[in-house]
Amino acid sequence: MNSRKLTRYVILIFTILMADVIKEIVLHMIGLEKDVHHPYSSAAIGMGVIVVVFYPMFTIMEKVLEYITEHYVKATKGVAGGSIKGLVVAFVLGIGILYFVYLKVWFNLNIFSRLF
């Protein structure tokens, strides 16, 4: 598998994960929690938010993330000294950052306060 194809997969993975994080943030901002007393309205509102967030997110973020990721990967490849090696470093760093964001959004955990 060549570097260009792997870069496309990295962009797709980052787009999916970032769109989901943004969806979670929007759901928290509007105060929508899963309500067992009103499951029909909770499901309908949640589905609406997902469509409103995901559709534009994938169309917009794919272009934006492609631009950002290409520059990010290109810079990482330059620092790491190789195409595949740089892509792996970029992927691991990006997943690590998204992992910290998910911990903050889902569980309100600040990993840096626990480390230091």
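Helix 1 comprises 27 residues and spans 38 Å from its first C-alpha to its last, close to the 39 Å expected at 1.5 Å a residue; the expected span is 1.5 Å times one less than the number of residues. Helices are DSSP runs (H or I, at least four residues) numbered from the N terminus. The model is predicted, with local features requiring pLDDT of at least 70 and side-chain atom pairs counted only at pLDDT 80 or more, whereas totals for chains, interfaces and linings use all residues. Residues are numbered from 1 along each chain as its sequence is written, and side-chain values use heavy atoms, with hydrogens and water left out.

The chain has an average pLDDT (the predictor's confidence in each residue, from 0 to 100) of 76, and 80% of the residues score at least 70. Among the elements of the chain, the highest mean pLDDT, 84, belongs to helix 3, and the lowest, 74, to helix 2 (residues 39-80).

The buried residues of helix 1 (under 20% relative accessible area, 1.4 Å probe, protein chains only) include Val10, Ile11, Phe14, Ala19, Val21 and Leu27. Polar and charged names also appear in this set, among them Ser3, Thr7, Asp20, Lys23 and Glu24. Ile16, also located in helix 1, is partly exposed (from 20% to 50%) at 40% relative accessibility. Together with Tyr9, Leu12 and Ile13, Ile16 makes a nonpolar surface patch of about 340 Å². Such patches join nonpolar side chains (Val, Leu, Ile, Met, Phe, Trp, Tyr) within 5 Å, from residues with over 30% relative accessible area and no salt bridge, the latter being a Lys or Arg side-chain nitrogen within 4 Å of a carboxyl oxygen of Asp or Glu. Areas were obtained by the Shrake-Rupley method with a 1.4 Å probe.

Four aromatic pairs are present, a pair being rings of Phe, Tyr or Trp (its six-membered ring) with centres within 6.5 Å. Phe14 and Phe91 are stacked (planes under 30 degrees apart), at 6.0 Å centre to centre and 15 degrees between the planes. This pair links distant parts of the chain, with Phe14 in helix 1 (residues 3-29) and Phe91 in helix 3 (residues 83-107), 77 residues apart. Phe14 is buried at a relative accessible area of 7%, while Phe91 is partly exposed at 27%.

Trp106 and Phe107 pair edge-to-face (over 60 degrees), with 6.3 Å between centres and 90 degrees between planes. Trp106 is partly exposed at 45%, and Phe107 is exposed (over 50%) at 54%. Trp106 and Phe107 form one aromatic cluster with Tyr102.

Note on methods:
Helices (H or I, at least four residues) and strands (E, at least two) are DSSP runs, numbered from the N terminus. Patches are made of residues with over 30% relative accessible area and no salt bridge: like charges are joined within 9 Å, nonpolar side chains (Val, Leu, Ile, Met, Phe, Trp, Tyr) within 5 Å.
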